[in-house]
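Student: I am new to this structure and would like to understand the words used to describe it. Could we go through them together, setting each value against its cut-off?

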Amino acid sequence: SNSTLTGKVALVTGASSGIGEATAAALAAVGAKVAVAARRIDRLATLVSRIEKAGGTALAIEADIAKGSDITAMVDKVVSKWGRLDILVNNAGVMLLAPTAEADLDDWRRMIELNLIGLMGTTKAALPHLKASKGHVVNVSSVAGRVANPGASGYAATKFGVVAFSESLRREVYADKVRVTVIEPGLVRTELGDHITNEEFKAGLEHRLATMEALTAEDIANAILYAVCQPPRVNVNEILIRPTDQE
Ligand code: NDP
C-alpha cells in the first residue's frame with residue numbers, strides 16, 4: 001500500500017460527510033493517522049471502522065467547531081493520543097443561501113461562527129503543534145471565496161474571509177516551515193445544500209445538481225492529497241477547482 005504520509009498525524013473537521021469524509025479516507029489510505037471531527041458521532045464511528053477495515057488508523061472526536069471549548073478539547077485529544085499534529089484540514093462548513101433582503105441573521109451568525117471563527121480558532125489552537133512538526137494547514141474555502149454570487153452574500157463573506165485569513169497566516173508562518181493551502185471548490189455533490197432555509201435557493205441548488213455533472217467529494221480529496229503530499233519545499237498555496245460544466 002501507498003505510505004506517503006506514514007508517521008504523520010492529520011485532523012479533519014467536518015469529517016462526518018462529504019468532502020471531509022472523503023479527505024479523511026484518502027489521507028488514511030496513504031498512511032496518515034487521521035482524527036475525524038464533527039457533531040454526528042455515529043457517522044464518525046462508521047468512518048473510523050471503514051478506515052480501520054482498509055488497514056488505516058483513525059480516531060473519532062465529537063466536536064462542535066462553533067464552540068471554542070470543543071475546539072481546544074479536540075486539538076488536545078489528537079495530540080494526547082498521537083503526540084503530534086502534522087496536517088490540519090479545516091473543512092467543517094455550512095452554506096445557508098438567501099438574498100440579503102430576506103436573509104436570516106441567525107443563518108449569517110451560524111456561518112460566521114463556523115466557517116470563519118471556527119476555522120480561525122481551530123488554526124490558532126493547532127498552531128503550536130504545527131510549528132513543532134513543520135506541518136500543513138489546509139483551509140476549505142470555495143469558488144464563493146473568489147466570486148460573490150447573488151444569494152450568497154453571507155456565505156461568500158465567510159469564504160472570502162477564509163481566503164484572506166489563509167494568506168495572512170501563510171505570511172506569518174512560512175518562516176517556521178508551516179505550509180498553508182486554500183482549496184476553492186465549485187459545485188460538489190454532498191449534503192451541503194440540505195441545510196439551506198430559503199426554499200427558493202434550496203430548490204435552485206437542487207436543480208443545478210440535477211442538470212450538471214458536479215464534482216465528487218473524492219475529486220476534492222484528491223486535490224487536498226496533492227497539496228499535502230508535495231515535498232516540504234513545495235507550498236501549494238491555492239487550488240481553485242470547478243466542475244467542467246460550471247460557468
Ligand atoms: P457536507 O454538509 O456534506 O459536510 C459538512 C461537514 O461539516 C459535515 O461533516 C458536518 O458534520 C460538519 N459540520 C457542520 N456544522 C458543524 C459544526 N457546528 N461543528 C462541526 N462540524 C460541523 O458538505 P461539504 O462536504 O460540501 O462541505 C465541506 C466544506 O466544503 C464546507 O466548508 C463547504 O463550505 C465547502 N464547499 C463545498 C462545496 C460544495 O459544492 N459542496 C463547494 C465549495 C466549498 P456534522 O453535521 O456531523 O457536525
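Tutor: What follows is a conversation about how such words are earned in this model, which is predicted.

Student: What makes the prediction one to read with confidence, in the predictor's own terms?

Tutor: On a scale that runs from 0 to 100, the mean pLDDT of the chain is 97, and 100% of its residues reach 70 or more. For the complex, the predictor gives an ipTM of 0.99 and a pTM of 0.98.

Student: Why is Lys-159 called buried?

Tutor: A residue earns that word when 20 or more other C-beta atoms lie within 10 Å of its own, and Lys-159 has 28 of them, so it is buried. Lys-159 is found in helix α5, residues 153–173, and, leaving aside neighbours within four places in sequence, it is in contact with Asn-115, Ser-141, Ser-142, Ala-144 and Gly-145. The C-alpha atoms of Lys-159 and Leu-116 are separated by 7.6 Å, although the two residues are 43 apart along the chain.

Student: Why, then, is Gln-246 called partly exposed?

Tutor: The term covers counts between the buried limit of 20 or more and the exposed limit of 12 or fewer; Gln-246 has 14 other C-beta atoms within 10 Å, and is therefore partly exposed. Gln-246 lies in the segment after β7 (238–241), where it touches Gly-186, Leu-187 and Met-212, not counting residues up to four places away in sequence.

Student: How do you know that strand β1 is largely enclosed by the rest of the structure?

Tutor: Five of the five residues of β1 (residues 9–13) are buried, so the conclusion follows directly. Val-9, Leu-11 and Thr-13 point one way from the strand, whereas Ala-10 and Val-12 point the other way, and all are buried. In a regular strand, side chains alternate between the two faces of the sheet.

Student: What makes β1 and β2 a pair?

Tutor: Pairing needs at least two bridges between the strands, and β1 and β2 (residues 33–38) have five, in the parallel sense. Leu-11, for instance, has Ala-35 as its bridge partner in β2.

Student: Which residues of the largest nonpolar core touch the most other members?

Tutor: Of its 74 residues, these are Ala-24, Val-34, Val-36, Ala-37, Ile-220 and Ile-224. Beyond its neighbours within four places in sequence, Ala-37 is in contact with residues including Leu-11, Val-12 and Thr-13.

Student: And which residues come nearest to the ligand?

Tutor: Of the 30 residues around the ligand, they are Gly-14, Gly-18, Arg-39, Arg-40 and Gly-93. Helix α1 (residues 18–29) gives the most to this shell, with three residues.

Conventions: Residues numbered from 1 in each chain as written. Predicted model: local features only at pLDDT ≥ 70, side-chain atom pairs only at ≥ 80, totals over all residues. Near = placed C-beta within 6 Å. Helix = DSSP H or I, 4+ residues; strand = E, 2+ residues; numbered from the N terminus. pLDDT = per-residue confidence, 0-100. Core = buried A, V, L, I, M, F, W, Y, C linked by C-beta atoms within 7 Å. Contact = placed C-beta atoms within 7 Å.
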